[in-house]
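Good morning, and thank you for joining this session. I shall take you through one structure, moving from its surface to its charged pairs.

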Amino acid sequence: MLEQVKPVIRYGDEPGLRFALLLDGKGGCTPLTMEGVCAWKPGDGVVWLHFERDHPAAADWITNKGGFDPLVTEALLAEDSRPRVEPIEDGLLIILRAVCATPPEEVQVTLPDIDLVPVHIWVEEHRLVSLRDSGHYITALRDIRKALETGKGPKQTGELLAMVSDKLVRDLEPVLDGMDEEVDDLDDLMFQGEEGEVRGRLKQLRRRSVQLRRYLAPQRDALNRIEHDDAPWLKERDKLRFREVIDKLMRFIEYLDAIRDRTGILHDDLSTMISERIARNSNRFAALAALLLPPSLVAGLFGMNVGGIPGVHETWAFIAIVGAVAITSIATLMVLKRINWL
């Protein structure tokens, strides 16, 4: 018999084990201790185990007590990997990416980059094992756990896996909305003359879009492979939900492509504005040099320390030279304005 504990879901009490839930088939669950996890048998019902991948106790259980194939063990404990799905015997090895949020007990900070963290999953008919790193906080898994706590969660394995996939994709929407709003802000700032600030924020935004696109496309392929798997515990209703999740993810990828295109346009506009400013400043320096050329030429000629310079002994010579320089400068200024250099 499995050890029964009080009907309050205890989160993170066991080293390396975030929670272990035995589904009751009605939308609720019973929490298990590590001792209860070790005593669990498939005939007891569907169990969801969620571990910290980088914790030694979790690694020990996965390696020595979980009864996994060595290839599955290696993949579940891998440091990092791209989204993929591999059918192994009667189960599925699934690697997905999720948005890493700030835990509610910590101070909320604005991170320079969006952190898409791996979620390693092994699922079979009566067991789903998920792992994430100890420093990561994934709201999708928390929401499903709370739904089970209130009796409104999934009832069997396929429904649980579909809900996990749905929630992971759902958390991408506010991220993309925030990126779209940031593009609008950068567009306004650029035309307000804040090129320096726009350049730095635009660089970060383009890096975010590349990072998201790098993982969302293989994640779509992975979910599509789950939908077409012939596992007996995947019901038709579960596959229908996977289709909806895939459609939503495809819309997000198109949305991300649109954001990437907009940032490319902004980058081109910014480069054009900077080039125009450089050209305008160059013209101004050239015009200034042209205005200073006549006085410089006269000063150079009459400043030579040689004999024979005209007007040396004449009192009107200085006034005449100043007048000639002024007239020449005014004529140069008129010519520059006529050719639109000023």
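**Surface patches, salt bridges and a few particular residues**

Leucine 297 is found in helix H8, which covers residues 236-302. Helices here are DSSP runs of H or I with at least four residues, strands are runs of E with at least two, and both are numbered from the N terminus. Before I continue, please note that this is a predicted model, in which local features need pLDDT of at least 70 and side-chain atom pairs count only at pLDDT 80 or more, while totals for chains, interfaces and linings use all residues. Residues are numbered from 1 along each chain as its sequence is written, and side-chain values use heavy atoms, with hydrogens and water left out.

Is leucine 297 buried or exposed? Leucine 297 counts as exposed, because its relative accessibility is 51% and exposed means over 50% relative accessible area, buried under 20%, and partly exposed in between, with a 1.4 Å probe and protein chains only. Leucine 297 also belongs to a nonpolar surface patch, made together with Leu301, Phe302 and Met304, of about 370 Å². Patches are made of residues with over 30% relative accessible area and no salt bridge; like charges are joined within 9 Å, and nonpolar side chains (Val, Leu, Ile, Met, Phe, Trp, Tyr) within 5 Å. The accessible areas come from the Shrake-Rupley method with a 1.4 Å probe, and for residues only the protein chains shown count as cover.

A second patch is negative, and its members are Glu173, Asp177, Glu181, Asp185 and Asp188. For such patches, Asp and Glu count as negative and Lys and Arg as positive, whereas His and the chain ends are not counted. The place of a charge is taken as CG of Asp, CD of Glu, NZ of Lys or CZ of Arg. Within this patch, glutamate 181 is found in helix H6, residues 172-191. Glutamate 181 is exposed, since its relative accessible area is 53%.

Let me turn to the charged pairs. Side chains of opposite charge can pair when their charged atoms come close. How many salt bridges does a search of the whole structure find? The search finds 20 salt bridges, each being a side-chain nitrogen of Lys or Arg within 4 Å of a carboxyl oxygen of Asp or Glu.

I shall show three of them. In one, aspartate 133 and arginine 53 meet through their side chains, at 2.6 Å from N to O. This pair links distant parts of the chain, 80 residues apart: aspartate 133 is in the loop between strand E7 (127-132) and helix H4 (139-149), and arginine 53 is in the loop between strand E3 (47-52) and helix H2 (56-65). Aspartate 133 counts as buried, at 14% relative accessibility, and arginine 53 is buried with a relative accessible area of 7%.

Another salt bridge joins arginine 241 and aspartate 166, at 3.0 Å from N to O. Arginine 241 lies in helix H8 and aspartate 166 in helix H5 (residues 157-170), so this pair ties together parts that are 75 residues apart in sequence. Arginine 241 is partly exposed at 25%, whereas aspartate 166 is buried at 14%.

In the remaining example, aspartate 184 pairs with arginine 262, and their closest N and O atoms are 2.5 Å apart. Because aspartate 184 lies in helix H6 and arginine 262 in helix H8, the pair ties together parts that are 78 residues apart in sequence. Aspartate 184 is partly exposed at 33% relative accessibility, and arginine 262 is partly exposed at 27%. In addition, salt bridges that share partners join Arg142, Asp143, Arg170 and Asp171 into one network.

What of disulfides, that is, pairs of cysteine sulfur atoms within 2.5 Å? The structure holds zero disulfides. Cysteine 29 counts as buried at 18% relative accessibility, while cysteine 38 is partly exposed at 46%.

I close with two loop residues. Glutamate 89 sits in the loop between strand E4 (84-88) and strand E5 (91-99). Its phi is near 55°, a positive value in a residue other than glycine, and glutamate 89 counts as exposed at 76% relative accessibility. Glutamate 125 is placed in the loop between strand E6 (116-124) and E7, and is partly exposed at 43%. The C-alpha atoms of glutamate 125 and glutamine 156 are separated by 8.6 Å, with the two residues 31 apart along the chain.

Terms used
Disulfide = S-S within 2.5 Å.
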